[in-house]
Every structure is written in structure tokens, then in C-alpha cells.
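Colleague: I've got this one open on my screen and would like a tour. Could you take me through it, one question at a time?

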Amino acid sequence: MNNLSVLILCFYISIFSVNLSAIEPNNWNKLMDSSNEQYLVLSPDDEQTLLLHQINYPSIETLSEGREALGGLEFYSQNTNSPKNDIYSHLTLVNANNVQSIIKPKSGVILDFNWSPNSKLIALLVHYNHKTTLWLYDIQFQKLQQLSNKNLSTRIGGRHLRWLPDNKTILVKQAKNQFLPPIKNSLKPKIESTKLQKIQGRTYSHLLNDEIKQQRFKSFTDSKLISINIKGELNTLNHTSMVDDFYVSPNGQYLLISSLPAKLSSLVPYKKWGRKYYILNLETNKSKSPLPRLKDKYKLKKDSVPIGSRSVQWLPFEPATISWVEAVDGGDMTKDLSIHDHIYKMSFPFNEKKDLILSTKWRYYDIYWSKSGTGVLQQWRYKDKQALTQLIHYSDLNSVKTLSQRDYRDKYQDIGDPYSDRTSMGNRVLVEDAHSNIFFMSLGQSKTGVTPYVDSYNKTERNRVFTSKGSSLEVPIKITPTTLIIKKEAADNPPQYIRLTGKQKKHATTIYTDNSRMQFKHKPELINYQRDDGLNLQGTLHLPNSYSSKQGKKYPAVLWIYPKAFKNKKLSEQNTIAANQFRKFNPNGPLVFLHDNIAVFESPSMPIVAENNGQPNDQFIEQLILNAQAAVIALEKTGKIDVQNLAIMGHSYGAFAVTNLLAHTDLFKAGIAKSGAYNRTLTPFGFQGEKRNLWQAKKSYLDMSPFLFADKINEPLLLVHGENDLNSGTYPIQSKRMYQALVANNKTAKLIMLPFEGHNYKAKENLNQVLIQQSSWLKKWLIVN
């Protein structure tokens, strides 16, 4: 092991009262506790609302439970939960009369929930003391009780609870192996050969490259489906496999099961593996697999797909009919064909006899169906960056109405996505009103900013249902045939969830108000400026509470950056900033420096635009410098910022840009780089938007690698990285090697490796230390009053 020092920080910090202007080193915890998010869900009858109170920043004790990384996933070895699962402290139930009830287990956290179809019961998965068990909340009696003490699994898959239509039965997964002993490393040599491996995609860590890891992964993910009724009676379903997801048919008689393939790839991670689909008869308890298995997704052209069954789902307007998509072109979109995908269906008895529903001229992207048979079909084509959205109806598939065709990179022309909801059985259904209107929710991005809206569509017309008004940001989040729920906030007002009813959606009822305090008294300023070559840019300036225009004082500032590649100059200039968003405390973001009397220039545009039919990264360094120079000049013109006293920071690709700017400019006094990649020879098969490999674009790869220019970095650099970062390309070794390069060249640097953290940081104790360290770092290297 290298003897260069690596600072591993993990402290337990006590909580003190918080001053809005300045934060003492030990005072960040209270702000983190106050910044947990809420998510809103409507009951199936649309009368009740459930607010999920997420624990954003758990303790390091939670994160430090024994974990293993396999196939691109992490598993706890001593419990059947997954580190990737969101966790909730409690739920708030708001009934039709706006009366609130708190649903909170005495011990443990909530992992998942699901309404019963009749909206009278709520099933919960509660995790406590290494066990995940099923609980039931009775809304009428306001009673929460445990239904079963069986230890259930949430190790893989999305949602983990499904109701049957009888309102009495809940389907869950039980792990075949509850707890696993520590892994034993293989004693056999690992052999790889081009005889077996013909392709090489991007670099991934923790692949299943030996038999022990393969078997280990299967042991973690093998599960059996069980049903538990509301009396706590259990029945085992006759299906055991690596169950990923499962969905109940509309008539409640069948179960569509998505499972991992029996042979797990050693070349790509879990998210790129194929799937095998089963249909289980819930009455006979027998399953069959009538669909072609989806193959693994290896290195493919951009809009090419693996062969096999994709987008498998129940049709919501038929009792028990599945639909799916298969490529006609062998998965290769470059073939000159008039049809590229077929959409099929199959009904009971699921005997492999399939019927064609329709075909797509481009690559299928998605299809949404309502209970009446209205559908929205989305297609796309990579070669000219086109997206196509069409309105269809199952009863007349020859009658197609095009709703939108656009360059999918053009945010100003985006009509949004069709609004759908999940049923208690797990099926996605397009929301439709009594007049056959379906709804699209859009952010409404334009030259003037972000103005969210909702449009309704039917066969003949399009109507505007709602538009965000005034100085507030009003974002539609839920739609029913009669109700619209919005999240309303402003720079100086925390979010409110509001129910809008009536014909014009003008009758407003507040459901819930976020209790977050406003931390900053100055509203953010949107600054528009130009690059030397005329490209229009923008960013948001945040000023500390101590700022006063009467004093004429100039403040130090930190720039929070993240570059983006474009092949279209016009699209690179589009405005995507919502300046009227409430600034909730985010320990991973840059606004924490306002507490240190340091201004923040948030997300100044960093476009990297292709020139002369080349690739954007061929001029990455040159354009990155142009962007930074323009941002500094724009700050100087405000008269509020001391541009001789600037720092720069970023996360992931932003951290990569930070180190490049420190290596190639002298615009900044210090830098902070989190979870970055600094040596592009360690990501030789592509990264971010770069599709070429190292040998196809060797000069660009080398020129973009700040690791190779460590000797040119003259400013102090603070590096932060999670020890368990599984993100492709940003392995922890990137920060370790960058730090070592700086030490070898007698530079000033500090490296913080955060225990048990991934690409983004979660543990409160780790975040507290990062906040203390980065605050100290900028106070040391900037002149801060």
C-alpha cells in the first residue's frame, strides 16, 4: 500500500443552534435534519394524499453495515435490504377533509408502501434490526400493525409490494437466502480470452468475473414470491428465481414476472443484463415463459437495442393481455428499413401465439395506454436527433395524430411527457378524463425562463389546462381526471403542495407546507453574458446575507461548474434556469458557502460546442477556458464580486473540469473537486458524451486529462471521493492518483476519502466533515471577511 497519506474522515458531531449568516464548524447537522424531502402520492380514489418523508442523510452507522459490491450493485450481507433503497421516517396521510394523520412505526424505517385498490388500507415494508417485514395501516381505525414476521427482500427491483384486486391479498418477495457468510475469494486463476470476448464497452467495476462472484450474486438475489392476506395468512407461490419486478394482471388472475437471466454476464453490470419473463397463473400456481428472452446489452450503437422482448407490460384495457416490443432490424437501427420495431400482444392461454398491434418506423421509445385504449406512442432516431410523439387508439390504429416531432435536444420545443399513474397492482396507466382527454406535463423552458404547464390532448384539439403564474414556480406533480396537484415555491417561500379543482382549476386547497426555513435574504440574480466568440451564456449569482448595495463591498466567490457537450450552437444557448426555486439546504451543493460570506455563481454555462463538423471534445480545453473567462468578466461587471478572489468547484464531470481549469488558467485561487475522473486513459472506451475510444481520439483523451498536467496546477486543490464509488469512470483510484501526482510535483493538496460512500455522499457524519473541511479550505485560501 502506498505510504502517501490519505485522510479518512468520519466524526460524530453534536447539534447546536443555527445562525443564518454564519455556521460554526459543528453546526451543520441541524440544517441537514431540516432539509429532508417529501414526496406526494394520491390514493386510487383520488380523495386522499400520502406524503412520504424521506431520510436524505442517514447516519454512518446505517451505511457502515457489511456490504458487498457485485455486478454493479451493492448488497448488505446481513440483511435483505439494499443500500440503494430510499428510506422514509414516516408518512403523513391527508384525508378529503384535509385532516392529517401520522403513520410511523415505533422502530425502524419505511422502505416501500402501496395503497389497497379501494383506498382503505396501506401496506408498508418496515426495516428494523436486520429484518424487513410487512405491516398494514387501516385508515378507518388509524391502526398500524405487523402482518407477518417473515423477512422480505428488497435487494433488487423497483417496487416490492403489489395488491390483488380483492383488497385482501398482498404479494411480496421473500429472499431464499436471508444472511450470507463472508465471501471467500476464488483460489483459481482468472482467465479472459478474445476467443470468448469479442467486444469491449466502457469500464465497470465489480463485475462477476469468476464463479464465486456469480454464485454469490445469485445467492443474494434468489427469491420466492409469497402472498400474505390481511389476516396475516401466508401462501407460497410456485416460482423461485432472481425476481426483479412483478405486476398483477388487471383481472387479478395472473402475475407478470421479470427475472434476471440464469447465465449472468461477466462483461457488463446488472443494469445492462437481459431479462426473462414468466406468467404465473395465481389460481393454478403454475408459470410459463412464452416470450423471447431479452439479450444482454453490450456495446451497441446509440439507438440500437438488444434482441428479445422489451417493454413488457399488461394492457390496462383488457383482462389479461401482455404487450411487448421486438426489433425487426436485429437491433441495428442503421439498417435501411421502413419498419424497425414491432409491438405485439398475447392473451390467455399464453401459448406463444402472438398478434401484431402496430409497427414503428423509427426506434420504439415508449408506449402509454389508458383504460379506454387511448395510447401515446414515442419513437426516436439518433442519426438526426429526432423524437416523435403520436396519439393513437387501440380501436383504430390506422388513425394516428402526431403531437410533436422535434430535435430531442431542443428543450424549448419539448411538450413534456404524458402523465400516467401506477395502480396498486403495479401497472402504469395513462390518466384520461371523461372527455377522452389525456394530459402532458412540461417544464415550459423558453428564452424567458422556466414556466411549467399542463396541456390536454384528444383526437381533435389541444388545450392549456394550467400554467405557472406570477413570480412563483408552480410545478404540476399529480393529475387526476378532476384534480391537479402542484408544488408551489419561490426563492423566498418554501414549497407548498396545493390541490386545484373546478373547471378552470382555480379552487385551491393547501395540502401541506414544507417547514424549511429561508436561509438567505437576497434573491438569486440571473446573469446573462457572452463568450468571446459571441455565444450567449448565463448563470445564477447568490449573495451572502451580509451583502449590502450601500456598502459597495466586493465579495469573494466560488463558481460551481459542470460542462456539457453540444453539436448545435443554438441549442447550447438555451435557458434552463429556474431562478425562482426555493433554496433548500443541500450539503452536497455550493450554496453552503454563503454561510461563510462567500458569494456563489451557480452553474454558469459551460458549453463545449463542436466546430467544423468535428467532435465537441476536440476543443474541450479551449472552450472550457473561454467559458471560465466569460464567467469571470460577467462577475466583474456586477460590481459585487472580487474577481481576484475566486475559487472553483464541481462534482463528477464538474470536478474533472475544475482540475482542468486549475491546470490551464490562473483565474482561480483554489479548487474543490468531488468524485471526479482525472486520467482519461483509465476510461479508454468512452466517457460522458464521448463515443470514441482512446485509440480513435488519442489527442483529445490526453489533452483532456488533468492528471497529465498536474505539474501545471499552481493552486491549492481539495479532492473528495467516496470509497465505494461504483460509478463507471469515477473509481476512487482517480482521486487517489490525482492526489499522488500533486504530491509528486510538490503541489498543495488535500484528499478526503469518505468511508462507505458512493458517487454521491449520504452519511450525515461524512457530510458534516466535508462541510467543515471545504469551509476551512476556502477560508484559508481566499480573503474572506
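Modeller: Sure, one term to begin with: buried means under 20% relative accessible area, exposed means over 50%, and partly exposed is in between (1.4 Å probe, protein chains only). This is a predicted model, in which local features need pLDDT of at least 70, side-chain atom pairs count only at pLDDT 80 or more, and totals for chains, interfaces and linings use all residues. Residues are numbered from 1 along each chain as its sequence is written, and side-chain values use heavy atoms, with hydrogens and water left out.

Colleague: OK, let's try that on a lysine. Is Lys521 buried or exposed?

Modeller: Lys521 sits in the loop between strand E39 (507-513) and strand E40 (525-530). Helices (H or I, at least four residues) and strands (E, at least two) are DSSP runs, numbered from the N terminus. The relative accessibility of Lys521 is 55%, so this residue counts as exposed.

Colleague: And how far is Lys521 from Tyr547, C-alpha to C-alpha?

Modeller: Along the chain, Lys521 and Tyr547 are 26 residues apart. In space, their C-alpha atoms are separated by 9.5 Å.

Colleague: Let's move to charges. How many salt bridges are there?

Modeller: A salt bridge here is a side-chain nitrogen of Lys or Arg within 4 Å of a carboxyl oxygen of Asp or Glu. By this rule, the count is 25.

Colleague: Which parts does the pair of Arg363 and Asp341 tie together?

Modeller: In this salt bridge, the closest N and O atoms of Arg363 and Asp341 are 3.0 Å apart. Arg363 belongs to residues 363-369 and Asp341 to residues 341-347, so the pair ties together parts 22 residues apart in sequence, strand E24 and strand E22.

Colleague: Are those two, Arg363 and Asp341, buried or exposed?

Modeller: They form a salt bridge with each other. As for cover, both Arg363 and Asp341 are buried.

Colleague: What about Arg409, which pairs with Asp407: what is the relative accessible area of Arg409?

Modeller: The side chains of Asp407 and Arg409 meet in a salt bridge, 2.7 Å from N to O. Asp407 counts as buried, because its relative accessibility is 18%. Arg409 is partly exposed, because its relative accessible area is 27%.

Colleague: Then there's Arg531 and Asp533. What is the relative accessibility of Asp533?

Modeller: Arg531 and Asp533 form a salt bridge of 2.8 Å, N to O. Arg531 is buried, with a relative accessible area of 3%. Its partner Asp533 counts as partly exposed, because its relative accessibility is 36%.

Colleague: Which residues do salt bridges with shared partners join into one network?

Modeller: Arg363 and Asp341 came up above as a salt-bridge pair. The network that is joined through shared partners consists of Arg310, Asp329, Asp341 and Arg363.

Colleague: On to the rings. How many aromatic pairs does a search of the whole structure find?

Modeller: Rings of Phe, Tyr and Trp (its six-membered ring) pair if their centres lie within 6.5 Å; planes under 30 degrees apart are stacked, over 60 edge-to-face, and the rest tilted. The search of the whole structure gives 24.

Colleague: How many residues apart are Phe75 and Phe217?

Modeller: The two rings are edge-to-face, at 5.3 Å centre to centre with 85° between the planes. Phe75 is in strand E5 (residues 73-76) and Phe217 in helix H3 (residues 211-221), so-called distant parts of the chain, and the separation in residues is 142.

Colleague: And what is the angle between the planes of Trp324 and Tyr344?

Modeller: This aromatic pair is tilted, with 5.7 Å centre to centre and an angle of 35°.  Trp324 lies in strand E21 (residues 321-327) and Tyr344 in strand E22, so the pair ties together parts 20 residues apart in sequence. Both Trp324 and Tyr344 are buried, and the angle, once more, is 35°.

Colleague: Last one, on the backbone. What is omega for the peptide bond from Phe348 to Pro349?

Modeller: Pro349 is placed in the loop between E22 and strand E23 (355-360). Most peptide bonds are trans. The bond from Phe348 to Pro349 is cis, with omega near 15°.
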